[in-house]
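Trainee: I am new to this structure and would like to go through it with you, asking at each step how a label was earned.
Mentor: Let us look at it together, then, and set each value against its definition.

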Amino acid sequence: MTYVEYKMLNPMQKFGYKAKKFLVSVPKAIGRFFKAIGLGIVNFFKAFAKGIKNYGSTFVKGDWATKLSYLIFGIGDLSKGKIYKGILYFLVEVFYIFYMVSFGGQYIAKFGTLGTVETHTEKVGIVSKTVFGDNSMLILLYSVVTIVITVVVFAVYISNIKDAYKHQVMRENGEKPTSFSHDMKEFLDGKYHITLLSFPVLMICVFNILPLIFMILIAFTNYDKAHMPPGTLFTWVGMDNFGSLFNLVEGAKKGKTFIELTEWTILWAILATFSNYILGMIVALMINKKGIKLKALWRTLFVITIAVPQFVSLLLMNQMLQTNGALNVLLSDISKMFGGGPVEIQFLNSTTLMARATVVIVNCWVGIPYTILSMSGILMNIPEDLYESARIDGASPVKTFTAITLPYMIFVTTPQLITQFVGNINNFNVIYLLTGGGPTTQDYYQAGRTDILVTWLFTLSMTSQDYGLAAAIGILVFIVCATISLIVYNNSKSMKDEEAFS
Amino acid sequence: MKKILAILLAGMITATALAGCGGGNGGSSSTDSKSDASSGSGSTDASAEKVVDANTVDPELFGDEDNISLKVWAPSQALELVKKQVEDFKAAYPTKTFTNIEVSAMAEAESGTQVLNDASAAADVFGFASDHLNKLVDAKVLSEVAFVNTVSEMNAPETVEAGKIKGTLYAYPETNDNGYYLVYDKTVVSEDKAGKLEDILAACKDAGKKFIFDCGNGYYACTYAFTAGVKIDGLEEDGVTQKFVQYDENEAVKTLQAFSRLMHEYKGTFTSLDVAQIASGFSTGTLGAGVDGSWNTNADQKALGDNFGAAKLPTINVDGTDKQLISLFGYKYIGVNAASKFPASAQILAYYLHGEKCQEQRAEELGWGPSNKNVQGKPVITDNPIQQAIKQQSENACVQVNIAPTFWNPMGNLGNKLIADETDPEDAEYFSKLLKDTVANVRDEG
């Protein structure tokens with residue numbers, strides 16, 4: 001379709017055309033995604049093969065010291081006069097051997113089984129004492145630590161070999177190794193990024209990456225209420241946890257719960273995000289309209305709800321919506337004025353539709369102020385001359401909105417929309433504090449009708465102690481969020497055309 | 001200069017990150033310290049429970065343990081008293097040196113979880129509620145009771161039975177009062193009407209007041225299942241699946257229908273709300289009666305003053321016969337940490353704290369119902385109508401022990417469905433399916 005043809009379409013057709021374009025591009029985007037993954041894997045293996053080749057060829061070309069560096073870290077550097085680096089390499093090896101012998105080795109040895117010795121009790125006289133056996137959780141945890149340390153030491157090992165060979169070549173060329181002070185100065189100059197980032201990166205590894213690997217591995221174990229360390233052992237079960245989530249056989253409650261909660265989670269995320277977005281935008285437009293008096297006052301009034309912490313508002317709402325809550329009392333009073341009886345609507349505890357609608361509406365209360373805040377800022381930033389020229393060209397207010405305001409706002413807020421959408425998929429507060437997952441049902445396993453995946457995950461780990469299952473759900477939620485964000489972001493204008501409005 | 005500033009800044013950021021996370025790593029200390037089984041009791045004769053009286057034992061039982069240092073967890077409201085009792089304990093064994101017995105506050109609902117998290121850092125002697133027992137025993141962090149025969153003799157048999165798993169007694173009974181019962185306003189519900197649920201509801205309705213029963217909470221809602229005959233019976237062999245007694249499904253469905261019919265007939269009177277609303281309901285005068293936990297007694301009493309009435313749960317009329325409501329009833333226990341470095345001393349301290357003297361002190365000062373038979377017969381208990389109501393209810397109850405973690409949510413759902421507006425009380429088929437689904441969910445089938 002040419003540009004002129006497109007311009008001749010009516011708004012509905014334009015929308016249809018754009019929607020079609022978007023939907024058509026989705027499979028392509030998914031295709032691109034998998035292609036990128038495939039390419040990554042291929043590149044990885046290529047690099048791997050290259051690494052092995054270098055490993056072998058360096059050994060062949062190396063002199064005695066370089067060859068010995070394959071066994072003892074730092075020999076190559078030491079023999080070429082690079083003393084401090086050689087000692088450092090050697091210390092790493094000593095530390096690693098000491099660590100493996102004294103601590104890491106015993107755990108990594110049990111990594112395959114996660115422990116075999118059960119905890120048992122011994123009786124001495126009339127006093128009994130528990131003799132603790134293997135603790136599967138500690139084995140898993142320390143094994144992960146050991147594996148990470150091993151990977152790091154392996155990297156040091158490779159760099160030790162490379163360094164030894166480098167210095168060998170330098171000696172052959174008659175060059176001298178650089179001095180300690182020179183290398184240190186380099187860290188404030190050419191290698192400044194390493195100085196600045198090494199510590200934060202280390203901390204991220206310790207406090208984010210390590211726990212993450214640990215949690216992911218939990219999803220492949222049967223760590224649950226029947227397998228609780230230190231009393232009992234747990235072990236690897238492969239994909240069983242994922243299997244029970246996708247088990248759709250009649251009567252299999254976990255699978256049914258997972259599928260139906262996923263549907264509701266996505267529906268909830270869409271409803272919550274767009275209700276806040278659209279309603280917030282409308283309010284912001286009304287406030288920003290020319291000729292509205294006391295703009296600052298209106299803006300403050302709407303934003304003042306932020307002053308009350310979200311969880312407080314939610315708990316208050318929960319109380320107000322109870323059968324004896326403020327809302328029902330108000331309705332009863334109104335009904336009595338017209339000669340009716342008391343009203344007791346079970347907002348959160350009756351039908352699915354009622355509870356879900358209530359949740360979405362209450363979410364507007366806590367969410368819209370934030371949208372108003374950011375929208376007002378964006379609206380005030382749109383260059384006035386755009387509107388002026390539109391006015392001179394005789395554009396109607398609706399036309400101005402659809403052609404200037406809306407594209408500008410969507411352009412600026414797409415990343416924010418994605419964040420909100422993902423945030424809503426994981427919107428624990430609103431669901432848990434408002435309904436606690438209710439209305440309850442006997443059709444689901446440990447979940448209610450308004451439970452989303454994260455609140456179910458919470459119940460599974462806190463109430464019924466299905467840690468393995470909960471970890472599996474966590475992984476799946478992450479995959480859903482990551483896929484949606486990547487696809488939408490990569491197809492958004494903000495990504496494709498960064499310069500558009502600057 | 002700029003670069004140095006940048007480094008300082010990065011360092012500061014990471015330092016704050018560290019300060020925030022630092023505490024987290026300390027919890028997972030190694031197992032090494034736990035596994036040394038070197039310290040044992042010097043006592044050689046296994047059957048000899050050299051008990052002196054209801055509070056103390058033969059100091060010989062300490063064996064070679066001396067310079068004893070122990071940690072005790074007690075709930076905050078009992079902290080002062082337990083500290084005093086620990087001092088008395090030290091005085092009772094003058095031949096032993098106690099370097100340090102530390103008493104710190106830990107709610108009974110929390111202590112079990114804390115011990116499970118890290119037994120080696122937890123208290124040697126701690127109070128906990130009976131519903132944690134099977135978890136603690138499964139994790140093997142509880143040490144068996146050393147003075148089984150004496151403890152069994154001294155305490156009410158139901159508290160001893162509930163402390164046993166597969167025939168072994170794992171904890172010292174501490175109280176006999178952890179449950180819920182009927183509280184009412186005497187000006188609304190007269191004493192002779194408090195025996196029947198129908199009468200109570202009618203009286204409340206006539207007075208324009210409400211009746212509160214928390215149907216959405218499995219802890220209270222399991223009353224419906226129990227009354228219907230669907231009682232719990234420990235756990236299956238696997239240690240996690242809930243076992244139920246044989247029940248007559250026809251009868252059970254009829255009982256559930258009777259409950260549901262009452263709820264719908266008295267809609268507006270019979271309300272499902274959190275028990276926290278009961279005391280406030282009494283003080284605002286909107287409430288006629290309710291089913292409340294024994295721990296709220298003081299608040300309820302304060303709200304109503306002389307008009308406060310307490311009784312066991314009422315009966316419900318099912319097809320012409322009055323059926324007693326069966327509740328869930330728990331006890332509190334004193335447990336000994338199996339990882340304790342002074343296992344014998346910890347046992348002797350637990351024995352002392354569970355003893356007659358300490359129980360009487362707790363009954364007098366804290367109002368805790370005792371498990372000790374002698375204390376149960378003393379006027380501090382027998383002259384107290386509330387304690388009597390709680391005791392009567394304890395005779396019509398399932399014991400809150402050996403309960404699967406999957407028990408609570410399905411039971412809460414059962415209560416919710418009974419009271420839900422869209423439920424038709426006459427639809428027997430619906431209740432039959434509801435009951436089957438509830439049992440299946442509790443047992444985690446499918």
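Trainee: Among contacts in chain B between residues at least 6 apart in sequence, what percentage join residues at least 24 apart?

Mentor: Bearing in mind that this is a predicted model, the value for chain B is 74% of the contacts between residues at least 6 apart in sequence. Chain B has 18 helices and 16 strands, and 50% of its 446 residues count as buried.

Trainee: What makes B:Asn67 count as exposed or buried?

Mentor: A residue is called exposed if 12 or fewer other C-beta atoms lie within 10 Å of its own. B:Asn67 has 10 C-beta neighbours inside 10 Å, and therefore counts as exposed. This residue is found in the loop between H1 and strand E1 (68-74) of chain B, and although B:Asn67 is not a glycine, its phi is positive, at about 50 degrees.

Trainee: And how do you know whether A:Gln446 is buried or exposed?

Mentor: Here the cut-off is 20 or more other C-beta atoms within 10 Å for a buried residue. A:Gln446 has 23 of them within 10 Å, so A:Gln446 is buried. Its place is the loop between helix H17 (428-434) and helix H18 (453-462) of chain A, and its phi, near 55 degrees, is a positive value in a residue other than glycine.

Trainee: What makes a group of residues a nonpolar core, and which residues have the most contacts inside the largest one?

Mentor: The term is used for buried residues of certain nonpolar kinds that are joined through C-beta atoms within 7 Å. The largest such core has 131 residues, and those with the most contacts inside it are B:Val72, B:Val125, B:Leu182, B:Ile200, B:Ala289, B:Leu349 and B:Ala350. H12(B) gives the largest share of this core, 8 residues. For one of the residues named, B:Val72, the residues touched include B:Val82, B:Ile101, B:Ala123 and B:Val125, leaving aside residues up to four places away in sequence. A second, separate core of 49 residues includes A:Tyr142, A:Ala219, A:Leu245 and A:Val422.

Trainee: Why are strand E1 and strand E2 of chain A called a pair, and how many bridges join them?

Mentor: Pairing requires at least two bridges between two strands. Strand E1 (residues 120-124) and strand E2 (residues 127-131) of chain A have 5 bridges and run in the antiparallel sense, so by the cut-off of at least two they count as paired. Within this pairing, A:Lys123 stands opposite A:Ser128 in E2(A). E1(A) and E2(A) form a hairpin with 2 residues between them, and A:Gly125 in the turn has a positive phi of about 65 degrees.

Trainee: How many residues of each domain of chain B are in contact with the other domain?

Mentor: The domain assignment gives domain 1 (57-176 + 330-394) and domain 2 (177-329 + 395-442) of chain B, with their C-alpha centres 31 Å apart. Two residues are in contact if their C-beta atoms lie within 7 Å, and 22 residues of domain 1 of chain B are in contact with 23 residues of domain 2 of chain B. On the domain 1 side of this contact, the largest share, 7 residues, comes from H16(B), and that side has 9 nonpolar, 9 polar and 4 charged residues.

Trainee: How many residues does each chain give to the contact between chain A and chain B?

Mentor: Chain B gives 57 residues and chain A gives 51 residues. On the side of chain B, the largest share, 9 residues, comes from H1(B), and by class that side has 23 nonpolar, 23 polar and 11 charged residues.

Trainee: Which residues of chain A does UniProt list for "transmembrane region", and how much of residues 467-489 is helix?

Mentor: The UniProt record, an unreviewed entry, lists residues 87-109, 137-158, 194-220, 266-287, 296-317, 357-379, 400-418 and 467-489 of chain A. In the model, residues 467-489 of chain A are 100% helix and 0% strand, with end C-alpha atoms 32 Å apart, while residues 194-220 of chain A are 93% helix and 0% strand, with end C-alpha atoms 36 Å apart.

Key: Residues are numbered from 1 along each chain as its sequence is written. Chains are lettered from A and ligands numbered from 1 in the order in which they are written. This is a predicted model: local features need pLDDT of at least 70, side-chain atom pairs count only at pLDDT 80 or more; totals for chains, interfaces and linings use all residues. Helices (H or I, at least four residues) and strands (E, at least two) are DSSP runs, numbered from the N terminus. Ala, Val, Leu, Ile, Met, Phe, Trp, Tyr, Cys and Pro count as nonpolar, Asp, Glu, Lys and Arg as charged, and the others, Gly among them, as polar. UniProt positions are given in the numbering used here, feature names are shortened, and annotations may be inferred rather than shown by experiment. Domain bounds come from an automatic or database domain assignment.
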